[in-house]
Amino acid sequence: MNDVLQLTKNLIERRSITPDDAGCLPLISERLEKSGFRCESLRYGEVDNLWATHGEGSPVLVLLGHTDVVPPGPREAWSSDPFVPEIRDGVLYGRGAADMKSGVAAFVIAAEQFVAAHPDHRGTLAILLTSDEEGVAIDGVRRVATTLRERGQRIDWCITGEPSSKSTLGDLVRVGRRGTLSAKLHVRGIQGHVAYPEKARNPIHQALPALSELAARRWDDGYETFPPTSFQITDTHAGNGANNVIPGQLDVLFNLRFNPNWSAERLEQACETVLKSHGLDYAIEWQRGGEPFYTPEGELRRVVREVLMEVSGSAPEESTGGGTSDARFIAPLGAHCVEIGPVNASIHKVDEHVRVDDLERLPGLYGAVIGRLLA
Ligand SMILES: [Zn+2]
């Protein structure tokens, strides 16, 4: 059996439900050490991370991934055990088959083959893996990035092996991601009887004009291929169900998905300026999920485009859509970041899968990019 299929299966067998690594990282670092990589395990709290490097100095290429998976849900919903890899009709099934144990296995195989063929390659080839991408993601790449920054580690390029392809391998490469910012807003009023509104202050009435101004605002016109920044109210609550009581407080949840025209800090200020201009008595808790990042045209995008054209026969879509990924923590170190990986149709679902054909082509795809950048 070929290497990448075997390694993917070995990883799927390990029940690494976030943030438990379940022995995936030791398996990988043992292999990489045999290939001459220096492997450093960085454990923060409950979370295991691996920083493995081969070579010295610049340029530095990082292969970024995660070994944790989302919970599989009820066993009965799956056609076969999510932690017993099974091939049916040329498709490999199991939790993590697409997101992203296949990508991780392909990174390892590609790296092993590259350093065997080019023991004295230029610069540094690094592999950074975490067991906390699908969970709270605090002690994973976010923490490792802080450590790397303190060490003065520079990173030129970063490839994330997240499943990014739409219908065929290599039809899409992500070249940026939007930022995300959430808030819990509490607007204080004065509770009272609806028959005596002059003795109360209705927080819903107070807040509505401010909320409609925020919801109607055109934050920007987009950025490069990013859509315009969006503001969405996701929950509101006030009152106790009685129709004769003016509530004392209104609680609102909202989220912004934003492009590089904004930083989280500037968005917070812009929102609070609106809240204050309406004279609200409020408290707000902000939760910064990640800043946006964008990789402009340059060597990494050019090399990836050339390789994907060879693999799939046509130019890939270069997209900034989707949610967010751990690349958001590496981009602020000055790295150009892209995401390329298998088809993402089944991720986080039951019967998660990857086509064996695609899996077998992945190490070659990553290897071709590594070779053009570091050989
Ligand atoms: Zn993932």
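A nonpolar core, as the term is used on this tour, is a set of buried Ala, Val, Leu, Ile, Met, Phe, Trp, Tyr and Cys residues joined through C-beta atoms within 7 Å. Keep that in mind; two such cores come up below. The model is predicted.

**Stop 1: the whole chain**

Show the full chain as a cartoon. Nine helices and 19 strands make it up. The C-alpha trace spans about 80 × 45 × 40 Å along its principal axes. Of the 375 residues, 45% count as buried. Consider the contacts with a separation of 6 or more: 79% of them are between residues 24 or more positions apart.

**Stop 2: the two domains**

Colour 3-177 plus 292-374 as domain 1, then 179-290 as domain 2. Taken over C-alpha atoms, the centres of domain 1 and domain 2 are separated by 38 Å. Seven residues from domain 1 and ten residues from domain 2 form the contact.

**Stop 3: the largest core**

Select Val62, Cys158 and Ile330. Of the 73 residues in the largest nonpolar core, these touch the most other members. Now add helix H3, residues 101-117. H3 gives the most to this core, with ten residues.

Centre on Cys158. What is Cys158 in contact with, leaving aside its neighbours within four places in sequence? The list is Val62, Leu64, Ala327, Ile330, Ala335 and Cys337.

Apart from the largest core lies another core, of 17 residues. To find it, select Phe254, Phe258, Trp262 and Cys271, which are among its members.

**Stop 4: helix H1**

Go to residues 3-13, helix H1. Show side chains for Val4, Leu7, Thr8, Leu11 and Ile12, the buried residues of this helix. Look down the axis of H1: its buried residues fall within an arc of 140°, so they line one face of the helix. An α-helix has 3.6 residues a turn, so residues three or four places apart point the same way.

Which elements do the buried residues of H1 pack against? They pack against helix H2 (24-34), S5, H3 and helix H9 (356-374).

**Stop 5: the three-stranded sheet**

Stay with S5, residues 91-93. This strand belongs to an open sheet of three strands, ordered S4-S5-S19 with antiparallel pairing. Why is one side of S4 and of S19 left without a neighbour in the sheet? Strand S4 (86-88) and strand S19 (353-355) stand at the edges, and each has a single partner strand, so one side of each is left unpaired in the sheet. The twist averages 25° from one strand to the next.

Zoom in on S4 and S5. Three bridges join these antiparallel strands. Select Glu86; its bridge partner in S5 is Tyr93.

**Stop 6: the four-stranded sheet**

Select S12, S14, S10 and S15. In that order they form an open sheet of four strands, with antiparallel pairing. The edge strands are S12 (230-238) and S15 (282-290), each pairing on one side only. Ignoring direction, neighbouring strands of this sheet are turned by 15° against each other on average.

Move to S12 and strand S14, residues 249-258. They run antiparallel and are joined by eight bridges. Pick His237: Asp251 in S14 stands opposite.

Finish with helix H6, residues 264-277, which packs on the sheet. H6 touches strand S10 (179-188), S14 and S15. The direction of H6 makes about 160° with that of S15.

Conventions: Residues are numbered from 1 along each chain as its sequence is written. This is a predicted model: local features need pLDDT of at least 70, side-chain atom pairs count only at pLDDT 80 or more; totals for chains, interfaces and linings use all residues. Two strands pair if DSSP finds at least two bridges between them. Helices (H or I, at least four residues) and strands (E, at least two) are DSSP runs, numbered from the N terminus. Axes are lines fitted to C-alpha atoms, for helices over the stretch in contact, and angles run from 0 to 180 degrees between N-to-C directions. A residue is buried if 20 or more other C-beta atoms lie within 10 Å of its own, exposed if 12 or fewer, and partly exposed in between; C-beta atoms are placed from the backbone. Two residues are in contact if their C-beta atoms, placed from the backbone, lie within 7 Å. The arc is that of the directions from the helix axis to the C-beta atoms. Domain bounds come from an automatic or database domain assignment.
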